[in-house]
Amino acid sequence: MNGYESTILQAALLAAALMLTAAFLLAFLRLIRGPSVPDRVVALDLVAVLVVAAVAVQCIAADQPVLFDAALVLALVAFLGTVAFARYVERSGRDD
Amino acid sequence: MTEVLVAVLLLIGSLLMLLAGVGILRMPDLYMRLGTSTKASTLGLACILTAVAVHFAQMGVSTRAIAAVVFIFLTAPIAAHMIGRAAYVVGVSMWDRTVFDELQGRREPTPSESPDEIANREDGHPASRDGRTPGA
C-alpha cells in the first residue's frame with residue numbers, strides 16, 4: 001500500500017461519509033414532512049438503503065469485512081419491510 | 001491503484017446517494033420522488049458495494065458484495081412498483097402540472113370490486129375498497 005494512494009482513499013472515505021450524512025438529513029426531512037403515508041414509506045426505504053451504504057463505507061474504513069454481513073441482512077429486511085408497508089397501505093384504503 | 005479505484009467508486013456512489021436525498025426532498029409529488037430516489041439510490045448502492053468487493057478482493061467478501069448488488073437490482077424496482085401502485089390505489093394525488101395519467105380509468109379491478117363498479121367511477125380515481133366512501 002503506498003502513501004499517497006491511501007491518502008486518496010482516506011479522503012474519499014471522509015467525503016463519502018459526509019455526503020451520506022447529508023443524504024440522511026434530507027431523507028429524514030421528507031420522512032417528517034411527507035404529506036401521505038406512501039411518502040413516508042419511500043423516505044424510509046431510502047433511509048434503509050442509506051444505512052446499507054453507510055455500513056459498507058464503514059466496513060472499508062475499518063477494514064473489517066465482517067461488518068458487510070450486517071449490510072447484507074439489512075438489505076434483505078429492508079425489502080421485506082417495504083413490501084409489507086406497501087401491502088398495508090393498499091389494504092388500509094384512502095388515508096392521505 | 002486499487003485504492004484509487006475504490007476511492008472513485010465510493011465518490012460516485014455517495015454522490016448518487018446525495019442526489020437521491022436531494023430528489024426525495026425537492027421533487028413535487030410522490031411518483032417523481034419514488035422514481036428519483038429509487039433509481040439514484042440503486043445505482044449508488046451498486047457503486048459502493050462494488051467498491052467493497054474491489055477493496056477486499058477476497059473470494060468470500062467479493063461474492064457476497066456481488067450477490068448483494070444483484071439482489072438490490074432485483075428487489076428495488078419491485079419495492080418501488082409496489083409502493084407506487086399502493087399509492088395510486090389509495091389515491092395519492094399527482095403534481096398539478098402532470099401532463100397525463102396513463103392509468104386513468106383503466107385501473108385493473110381489485111378483488112372486492114365488481115367490473116361495473118369500476119365502470120361507474122366517474123373521475124377515474126379508484127374508489128376505496130370495501131365500498132367505503134373516500135376519506136371515510
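When I call a residue buried I mean that its relative accessible area is under 20%, exposed means over 50%, and partly exposed is whatever lies in between. With that settled, A:Asp69, which has a relative accessible area of 31%, is partly exposed, and I will come back to that residue when we reach the salt bridges. Please keep in mind throughout that what we are looking at is a predicted model.

Let me start with chain A by itself. It has three helices and zero strands, so that, going by how such elements are assigned, the order from the N terminus on is simply α-α-α. Of the 96 residues in chain A, 44% are buried, and the accessible surface of the chain comes to about 4800 Å², with 70% of that belonging to carbon and sulfur atoms. If we take the contacts in chain A between residues at least 6 apart in sequence, 49% of them join residues that are at least 24 apart.

Now to the contact between the two chains. Chain A contributes 55 residues and chain B contributes 54 residues, and between them the chains bury about 4800 Å², of which 76% is on carbon and sulfur atoms. Six residue pairs are in polar contact between chain A and chain B, counting those with both residues at pLDDT 80 or more. On the chain A side, α1 (3–33), α2 (37–61) and α3 (67–92) each supply at least two residues to the surface that touches chain B, and α1(A) gives the most, with 17 residues. By residue class, that side of chain A divides into 37 nonpolar, six polar and 12 charged residues.

How many salt bridges are there between chain A and chain B? The count is three, and three is also the number for the structure over all chains.

I will take them one by one. In one of them, the side chains of B:Arg33 and A:Asp39 meet at 2.2 Å, N to O, and this pair crosses between chains, running from helix α2 (residues 30–56) of chain B to helix α2 of chain A. Both partners are buried, B:Arg33 with a relative accessible area of 6% and A:Asp39 with one of 3%.

Another joins B:Arg64 and A:Asp69, again at 2.2 Å, N to O, and here the pair crosses from helix α3 (residues 59–90) of chain B to helix α3 of chain A. As promised, A:Asp69 returns here as a partly exposed residue at 31%, and B:Arg64, at 32% relative accessibility, likewise counts as partly exposed.

The remaining one to describe is between A:Glu90 and B:Arg85, at 3.4 Å, N to O, and it too crosses between chains, from helix α3 of chain A to helix α3 of chain B. Are its two partners buried or exposed? A:Glu90 is buried, with a relative accessible area of 11%, whereas B:Arg85 is partly exposed at 36%.

Finally, two residues of chain B. B:Ser14 sits in helix α1 (residues 2–26) of chain B, and it is buried, with a relative accessible area of 0%. Leaving aside residues up to four places away in sequence, B:Ser14 touches A:Ala16, A:Met19, A:Leu20 and B:Ile48. B:Ile12 also lies in helix α1 of chain B, but B:Ile12 counts as partly exposed, at 41% relative accessibility. The C-alpha atoms of B:Ile12 and B:Leu45, which are 33 residues apart along the chain, are separated by 9.8 Å.

Terms used: Residues are numbered from 1 along each chain as its sequence is written. Chains are lettered from A and ligands numbered from 1 in the order in which they are written. Side-chain values use heavy atoms; hydrogens and water are left out. Contact means heavy atoms within 4.5 Å. Buried area is the accessible area (1.4 Å probe) that two parts lose on being put together, summed over both. A salt bridge is a side-chain nitrogen of Lys or Arg within 4 Å of a carboxyl oxygen of Asp or Glu. A polar contact is a pair of N or O atoms within 3.5 Å; within protein, one must be able to donate a hydrogen and the other to accept it, and residues adjacent in sequence count only if both atoms are side-chain atoms. Helices (H or I, at least four residues) and strands (E, at least two) are DSSP runs, numbered from the N terminus. Ala, Val, Leu, Ile, Met, Phe, Trp, Tyr, Cys and Pro count as nonpolar, Asp, Glu, Lys and Arg as charged, and the others, Gly among them, as polar. Buried means under 20% relative accessible area, exposed over 50%, partly exposed in between (1.4 Å probe, protein chains only). Accessible areas come from the Shrake-Rupley method with a 1.4 Å probe; for residues, only the protein chains shown count as cover.
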